[in-house]
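Good morning, everyone, and thank you for making time for this. Please bring up the sequence and the structure on your screens, and I will walk you through them part by part.

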Amino acid sequence: MQPGSEPKTLLDWLVPQLPNMLRTLETFVCTESPSTEKAAADVCARVIAAEWSKRGVPVELLEQKNRGAHLRVTYVPAKAKPRSQLLVLGHYDTVYASGTLAKMPFRTAAGRVYGPGSFDMKAGIVQALFALDAIQQVGTALTKKIVFLWTSDEEIGSESSRKLLEAEAKRGDAVFVLEPALGTKGLLKTARKGVGEAEIIVQGRASHAGLAPEKGVNAIHEVALQIARVKEWNDLPRGVSVNVGQVAGGTRPNVIPDHARAVLDLRALRVADMRKIEKQLRGLRPVLPGAKLTVRGGFDRAPFEREQSRELFQRATELAKRMGLTIGEATAGGGSDGNLTAALGIPTLDGLGAVGDGAHSPAEYIVARAMPQRAALLASLLLHS
Ligand SMILES: [Zn+2]
């Protein structure tokens, strides 16, 4: 291993950068960027772009009609081999509406840094920025082009960024996702459940509950029978869950309702289980005579199976060891854009971002001390992939 690619060399260079990392994080967190507020998100995209531009690398703002601009940064090292690329992926949007900062200010206490989107996942962007610094300052062995992609709509399903990130992933040999790690131990996410949403809509026939009950078809009764059926698909030990999260229907107690619906959250750890549930959904038939059934939706992000991250995780473990660190792994119940790239068959390692806890809540924080370590781990992975 060349001296400049030794993980410990990168870590030693990054540790004194922590105050600079925190200053950059403050700038990013204090520019609020809710997924659904285009104007605010666009401002944040420019703030983040300005930081990357300082590194003398090409930064593109990919403007969107209804969402904040996506940001693509390309780093081509002098020794780059043609047609070989690594993708570093993340998002700068947050789940917090503008004005949240007033109730949930950026602050540091006892080694923790608080603020909306600090953990999920602006600290991850900062770590990637300083990983690039470390590569430029002390790394010598980089032979692949690196594309950093920071999107604006991951928290609302990646509708405007999906094509772009899938195209960049396909060009690459590996994808490193800077989503937060799992918990304060900083576990990498080596598998994620696939996630979907489905809707069961029942059309019945209205009638007077007292005068002509025989003429009615009760849509609520029908939807209840369907719910009892889908409930049986749950298999928690296998990582399969079907949660009826919403039901609606009916007008008054003395009216036989002609309409009812149920909305389902679907999760599966394996692609085969995802397919099975989708098939079962399509196979639902009405139970009550005269009831009509419509089923919509299905899985949106396929399961990210562990096989897609096995080699990269092993490499990360070895590199971390050379820095004197141990890392663990976990399966996440929630999806991310890592599901999309893993589904394409591209090796993907997720949860490489900040160490902390409390995503999507007022308690969201990161562990400051871990920032240089995680940046060094990313830089090492980029140098050795
Ligand atoms: Zn996230």
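How many bridges join S8 to S15, and do these strands run parallel or antiparallel? There are 4 bridges between S8 and S15, and the two strands run parallel. Before I go further, I should say that what we are looking at is a predicted model, so please keep that in mind throughout. To place one point of this pairing, you can find Lys189, which stands opposite Ala330 in S15. Strand S15 covers residues 329–332, and along this strand Ala330 and Ala332 point to one face and are buried, while Glu329 and Thr331 point to the other face and are not buried. For those who have not met this pattern before, in a regular strand the side chains alternate between the two faces of the sheet.

Let me step back to the chain as a whole. Its secondary structure comes to 11 helices and 18 strands, and the C-alpha trace spans about 85 × 45 × 40 Å along its principal axes. Of the 385 residues in the protein chain, 55% are buried. If we take the contacts with a separation of 6 or more, 80% of them are between residues 24 or more positions apart. The protein chain exposes about 16600 Å², and carbon and sulfur atoms supply 52% of that area.

Now I turn to the zinc ion. Its protein donors are His91 through NE2, Asp120 through OD, and Glu179, which is listed twice through OE, and they lie 1.9 to 2.7 Å from the ion. The arrangement counts as irregular because the 4 donor atoms subtend angles of 51 to 143° around the zinc ion, whereas a tetrahedral site would need all angles to lie between 85 and 135 degrees. Along the chain, the donors follow the spacing H-x28-D-x58-E. His91 lies in strand S3 and Glu179 in the loop between S7 and strand S8, so this pair ties together parts that are 88 residues apart in sequence. Both His91 and Glu179 are buried.

Strand S7 deserves a careful look of its own. In this strand, residues 174–177, Ala174 and Phe176 point one way and Val175 and Val177 the other way, and all of them are buried. S7 is joined to strand S3, residues 85–91, by 4 bridges, and the two run parallel, with Leu86 standing opposite Ala174. S7 also pairs in the parallel sense with strand S16, residues 348–349, over 2 bridges, and there the bridge partner of Val175 is Thr348. S7 appears once more when we come to helix H6, residues 162–170, in which Leu164, Leu165, Glu166, Glu168 and Ala169 are buried, since S3, S7 and helix H10 are among the elements that cover the buried residues of H6.

Let us move to another sheet. Four strands form an open sheet in the order S11-S13-S9-S14, with antiparallel pairing. Strands S11 and S14 stand at the edges, each with a single partner strand, so one side of each is left without a neighbour in the sheet. On average, neighbouring strands of this sheet are turned by 15° against each other, direction ignored. Within the sheet, 9 bridges join S9 to S14, and Glu197 stands opposite Gly298 in S14. Helix H7, residues 219–231, packs on the sheet and touches S9, S11, S13 and S14, with a direction that makes about 15° with that of S13. Helix H8, residues 271–282, lies across S9, S11, S13 and S14 as well, and runs at about 165° to S14.

I will finish with two single residues. Is Lys193, in the loop between S8 and strand S9, buried or exposed? Lys193 counts as buried because its relative accessible area is 19%, and the cut-off for buried is under 20%. Lys193 and Gly239 are 46 residues apart in sequence, yet 7.6 Å apart in space from C-alpha to C-alpha. Leaving aside neighbours within four places in sequence, the contacts of Lys193 include Gly239, Arg267, Pro303 and Ala332. The other residue is Ser207 in strand S10, which is buried at 14% relative accessibility. With neighbours within four places again left aside, Ser207 is in contact with residues including Ala212, Lys215 and Asn254.

Notes. Residues numbered from 1 in each chain as written. Predicted model: local features only at pLDDT ≥ 70, side-chain atom pairs only at ≥ 80, totals over all residues. Heavy atoms only, no water. Buried < 20%, exposed > 50% of the residue type's maximum accessible area, 1.4 Å probe, protein only. Contact = heavy atoms within 4.5 Å. Pairing = 2+ DSSP bridges. Donors = N, O, S within 2.8 Å, 3.2 Å for Na, K, Ca; no water. Tetrahedral: all angles 85-135°; square planar, octahedral: opposite > 155°, others 65-115°. Areas by Shrake-Rupley, 256 points an atom, 1.4 Å probe, with all protein chains shown as cover. Axes fitted to C-alpha atoms, helices over the stretch in contact; angles between N-to-C directions.
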